[in-house]
Amino acid sequence: MDTLRGFGTVVDVLGWDEAFMGVQTDDPEAFAREVQAAVLDATGLHCSVGIGDNVLRAKIATGFGKPRGIFRLTRDNWFAVMGERSPDSLWGIGSRTVKKLDALGIRTVRELARAPVDEMAARFGPKTGPWLVGLGAGAGSTEVSAEPWVARSRSRETTFQHNVGDWNAIAECVRGLAARAVDDVRGEGREGVRVALKIRYAPFVTHTASVALPSPTTDLATVTEAAVGLLDRFDHEREVRLVGVRVEMTPPENGRSL
């Protein structure tokens with residue numbers, strides 16, 4: 001991130017290994033090559049660069065640039081690149097939403113962009129429905145902010161050496177992970193408001209469940225009880241490969257949570 005900031009542009013940190021850069025240039029590919037060279041020189045790491053006329057398109061373009069490449073995705077080539085792809089190729093759309101869209105006969109990004117806004121609002125809500133249609137068209141914010149990134153949640157997980165079918169052992173693992181996650185939340189000086197449990201069945205099928213806490217807290221017993229209670233939502237006849245506990249936190253007083 002220090003290397004990126006050395007270019008004198010606004011750097012919007014998206015995560016520990018990803019950021020947006022607010023740049024206006026006639027030759028974005030040349031600028032991207034300069035960024036790649038500087039990062040490699042400073043860290044020994046290669047990076048991919050996505051170029052876009054908004055943050056959504058830049059984010060998606062990065063995936064097309066991997067590995068070590070550069071890709072430009074703008075209004076001009078949006079549908080040529082994305083039109084026939086599944087809606088889950090869009091940043092912000094997950095498997096559950098894809099299933100709901102499929103039930104409506106919407107199976108491509110182009111179809112999503114052409115969906116009637118009023119019908120989408122009725123199905124997904126007055127804000128989410130139109131937002132989904134906008135995603136299909138590649139609409140997104142053009143703002144790149146240098147406001148400090150602040151975590152929205154803290155999570156801990158573990159992968160077992162072998163598949164585990166003893167759910168008492170899994171429950172004990174959940175208790176340990178919850179304790180570590182609560183320590184992390186306390187370290188943030190914030191409180192937990194929601195607990196999520198992730199279970200990856202053998203060989204590689206992942207499910208999650210979550211529950212809101214009665215009130216914001218860092219009480220270990222409360223968080224642990226919520227996490228262990230979520231185990232009831234999973235199939236105890238299956239073996240498990242990975243377990244994870246996530247605690248979502250109260251919004252920070254300063255900074256932008258993601």
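Two strands count as paired if DSSP finds at least two bridges between them. With that in hand, the sheet in this predicted model is easy to describe: an open sheet of 4 strands, in the order β6-β9-β7-β8, with antiparallel pairing. At the edges stand β6 (153–164) and β8 (205–217), each with a single partner strand, so one side of each is left without a neighbour in the sheet. From one strand to the next, the twist averages 15°.

Now for the middle of that order. Strands β7 (residues 192–201) and β9 (residues 240–249) run antiparallel and are joined by 9 bridges. Looking at a particular residue, A196 has R246 in β9 as its bridge partner.

Two helices go with the sheet, and here is how they sit.

| Helix | Residues | Strands touched or crossed | Angle |
|---|---|---|---|
| α9 | 167–188 | packs on the sheet, touching β6, β7 and β9 | about 30° with β9 |
| α10 | 220–229 | lies across β7, β8 and β9 | about 150° to β8 |

On to the pocket. Which residues come closest to the centre of the largest pocket? The pocket itself has a volume of about 1,200 Å³, and of the 40 residues that line it, A19, F20, M21, S48 and V49 are the closest to its centre. The elements giving two or more residues to this lining are α1 (2–5), β2 (18–22), α2 (28–43), β3 (49–52) and α3 (55–65). By residue type, the lining of the largest pocket divides into 20 nonpolar, 14 polar and 6 charged.

Then there's A121, which lies in helix α7 (residues 117–124). Leaving aside residues up to four places away in sequence, A121 touches P126, G129 and P130. A121 and P216 are 95 residues apart along the chain, and their C-alpha atoms are separated by 31 Å.

How far can you lean on all this? The protein chain averages a pLDDT of 92, and 96% of the residues score at least 70. Among the elements, strand β4 (residues 70–73) has the highest mean pLDDT, at 98, while strand β10 (residues 256–257) has the lowest, at 44. Over residues 254–258 the pLDDT is below 50, and this stretch has 21 contacts in the model beyond near neighbours in sequence. Where pLDDT is low, the predicted coordinates shouldn't be read in detail.

Terms used. Residues numbered from 1 in each chain as written. Predicted model: local features only at pLDDT ≥ 70, side-chain atom pairs only at ≥ 80, totals over all residues. Heavy atoms only, no water. 1 Å grid on protein atoms, 1.4 Å probe; cavity = no way out; pocket = protein on both sides within 12 Å on 5 of 7 lines; lining within 4 Å. Points joined across faces, edges and corners; volume = space filled by probe spheres on them. Nonpolar A, V, L, I, M, F, W, Y, C, P; charged D, E, K, R; others polar. pLDDT = per-residue confidence, 0-100. Contact = heavy atoms within 4.5 Å. Axes fitted to C-alpha atoms, helices over the stretch in contact; angles between N-to-C directions.
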